[in-house]
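Visitor: I would like to learn how to read the features of a protein model, one at a time. Could you take me through this one?

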Amino acid sequence: MTLRGLCGGAYRTVAPQEIEMIHNASMRVFQEVGVEVHDERALQLLHEAGADVDLKRKRFWASENWVMDKISKAPAKITLCGREEKNDLELGGTKVYLGTGGTALNILDIDTGKKRQTNLSDVRQTAKIVDALDNIHFFVLPVYPAELDQEIVDVNRFYAGLANTSKHVMGGVYSKEGIRKVIKIGEAIMGGKEALRKRPIFSMITCIMSPLKLDAKYTDLMLEVIEAGIPLATPPAPIAGATSPVTLAGTIMQLNVEALSGVILAQIINPGTPVLYSVVPTTADMRTMSFLFGAVENGIMNAVAAQLAQRYQLPIYATAGVTEAKIPDVQSGYEKMSTSLLTALAGANFIHDAAGLIESGMTVAYEQYVIDDEINGMVMRAVRGVEINEDSLALEAVKTVGPGGNYVAQEHTIKYMRSEFFMPQVADRLPRLRWEENGAIDGREKALRIAKEILRKHKPVPIDPAVVASLKKELPELITD
C-alpha cells in the first residue's frame with residue numbers, strides 16, 4: 001500500500017511555551033546580533049525594505065515586527081509537482097513526504113560493490129530506481145557527475161533526473177547560467193513559462209552558511225532563483241558544537257534565525273515566492289569533532305524545527321534518514337529509522353536525504369534506495385497511526401466470532417487485510433527453513449537484486465521526443481543519450 005502525504009504532528013518534542021522561548025530568543029538575535037549578507041544587491045534590497053543595514057560590516061538587523069511582517073508574505077502551502085499529477089506534493093501543515101537527497105560524490109557500484117566516483121549515468125539510474133519505489137516520494141538529485149565540466153553540470157543533472165522519473169525533482173545549482181538553462185528545459189517540457197510556474201516540476205536549493213551568514217556566491221544564485229519564481233529551499237547546516245552552540249536548544253535557535261533569513265530575502269524580492277523553511281541541523285562527535293549526519297539528536301532537532309515551521313505557518317524542508325555507516329548494514333538501519341521516524345511523526349513536510357545516502361551523505365548505494373523505501377513505508381505507517389471508527393472497532397465481527405472463535409475467514413478481515421498492515425519487500429518473514437531453502441540471502445543482497453531488477457525492467461514515463469529534439473538544438477551541451 002502506497003503511503004504519502006499523510007498528516008503527522010502527533011509527536012511533540014517540546015511544549016508550545018518552549019517553542020515561544022525559541023522564537024523570542026531568535027528575534028533577539030535578529031535585533032541584537034544580526035545576520036551577515038555578502039551580496040551588495042541583497043543588502044541594498046534589505047535596506048530598502050526597512051531593515052537596519054551596515055554596508056561596511058555586511059550585516060542587517062531587524063525587529064520582530066519587521067521579521068514577522070516579511071515571513072507573513074510567504075505561502076503557507078506549496079505544491080511541488082511531478083510530470084505525472086499523481087506525484088504532486090502538497091506541502092504545508094503537517095503533511096509528510098520522504099525522498100532522496102545529495103549531493104554525494106561517491107557510489108557503491110551496483111555490480112562490483114566497490115566505492116567509485118559518481119557520474120551522469122548514476123543520476124539517471126538512481127532516478128529510475130526512485131521512480132519505481134512507492135515510498136520515496138520525490139527525487140532530490142543525489143549525486144554529482146564528476147566527468148562533466150561545472151558549467152554544464154546544472155543542465156545535465158536536472159535533465160537526467162526529469163527524463164528518468166515523473167516525480168518532483170529538486171537539486172542544488174552551481175551557476176546563474178545553469179539555472180536559466182534548467183528553467184528553459186522545464187518550460188519546454190511543460191509548454192511555456194506560465195505552465196511551469198503553475199505546475200513547477202522542479203525546484204532548486206541554495207545554501208545559507210552557519211553561523212548566521214549568507215555568502216556571496218550562494219546568495220547571488222538565490223536571487224536568480226527567487227526572481228525567476230522557481231520554488232526554493234535555502235538550507236543552513238549548522239554543526240552543534242562547531243558552527244552552532246553545543247546544546248540542541250542553542251543550535252535550533254540559531255538554525256531558526258538562518259532558516260527565516262532565507263524566507264525573508266525571498267519575500268522582499270518577490271512576495272509570495274514559494275520558499276521552504278529549510279533546515280539541516282547536524283552534530284559533531286565530541287570525541288573526534290567529526291561531522292555526524294545520522295545521530296539521533298539530528299532527528300530530535302528536525303522534529304522541533306517542524307514545530308517551529310508550523311508556528312510560522314511555513315512548509316518545511318527537513319532532513320532525516322542519513323547514516324555514518326559505510327555500507328548498508330545494521331548501523332545504517334537503526335540510524336536511518338531513528339531520525340526519519342522522529343521527523344515524520346513531528347509532521348515535517350518535505351523530508352529530504354531519506355533514501356540512498358550512507359557515509360555521512362558522501363556516498364550512495366543502489367541497494368540502499370530499496371532498503372530505505374521499506375524504512376519509509378514503515379515510517380509512513382507509523383504516521384498514519386490507528387484509525388478509530390465504528391467499522392475499525394470491529395464490534396460486529398467480535399459479536400459474530402464470539403469467545404474461542406477465529407477471525408481468519410471473516411469479511412471484516414478480508415476487507416482490511418491488505419490495508420491495515422505494511423507489507424515489506426526486503427524483510428524476510430518466513431520460517432528459517434523456508435529462508436534457507438530460498439538461498440539464505442540477507443536483506444542487503446535481496447535489496448540489491450530488487451534494484452537490478454528495477455533497472456532491467458522499469459520504464460519511466462518519457463519526455464516527448466519532439467521536446468527533447470528541440471532542447472538538443474537549443475542546448476547543444478545537453479546529454480540526452
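**Reading the sheet and the salt bridges**

Guide: Let us begin with one pair of residues: L232 stands opposite V275 in β16. Please keep in mind that this is a predicted model, in which local features need pLDDT of at least 70 and side-chain atom pairs count only at pLDDT 80 or more, while totals for chains, interfaces and linings use all residues. Residues are numbered from 1 along each chain as its sequence is written, and side-chain values use heavy atoms, with hydrogens and water left out.

Visitor: What does it take for two strands to pair, and in which sense do β14 and β16 pair?

Guide: Strands of a sheet pair through backbone hydrogen bonds, either parallel or antiparallel. Here two strands pair if DSSP finds at least two bridges between them; helices (H or I, at least four residues) and strands (E, at least two) are DSSP runs, numbered from the N terminus. Strand β14 (residues 232–233) and β16 pair in the parallel sense over 2 bridges.

Visitor: What is the strand order of the open sheet?

Guide: The open sheet has 9 strands in the order β1-β7-β20-β19-β16-β14-β12-β11-β10, with mixed pairing. Its edge strands are β1 (6–7) and β10 (139–140), each of which pairs on one side only. At the β10 edge, 2 bridges join β10 to strand β11 (residues 169–172) in parallel, and V140 stands opposite M170 in β11.

Visitor: Which residues stand opposite each other around β19?

Guide: β16 and β19 pair in the parallel sense over 2 bridges, with Y277 having I316 as its bridge partner in β19 and S278 standing opposite Y317. β19 in turn pairs with strand β20 (residues 350–352) in the parallel sense over 3 bridges, and there T319 stands opposite H352.

Visitor: Are the faces of β19 covered or open?

Guide: In a regular strand the side chains alternate between the two faces of the sheet. Buried means under 20% relative accessible area, exposed over 50%, and partly exposed in between (1.4 Å probe, protein chains only). Both faces of β19 are covered, since I316 and A318 on one side and Y317 and T319 on the other are all buried.

Visitor: How many salt bridges does the structure hold, and which residue forms one with R41?

Guide: A salt bridge is a side-chain nitrogen of Lys or Arg within 4 Å of a carboxyl oxygen of Asp or Glu, and the structure holds 28 of them. R41 forms one with E227, the closest N and O atoms being 2.6 Å apart. R41 lies in helix α2 (residues 40–48) and E227 in helix α8 (residues 216–228), so the pair ties together parts that are 186 residues apart in sequence. R41 is partly exposed at 37% relative accessibility, and E227 is also partly exposed, at 42%.

Visitor: Where do the residues of the salt bridge between E453 and R456 lie?

Guide: The closest N and O atoms of E453 and R456 are 2.4 Å apart, and both residues lie in helix α16 (residues 443–457), 3 residues apart, about one turn of the helix. E453 is partly exposed, with a relative accessible area of 29%, whereas R456 counts as exposed at 58%.

Visitor: Is R384, which meets E420 in a salt bridge, buried or exposed?

Guide: R384 is buried, with a relative accessible area of 17%, while its partner E420 is partly exposed at 31%; the N to O distance in this salt bridge is 3.9 Å.
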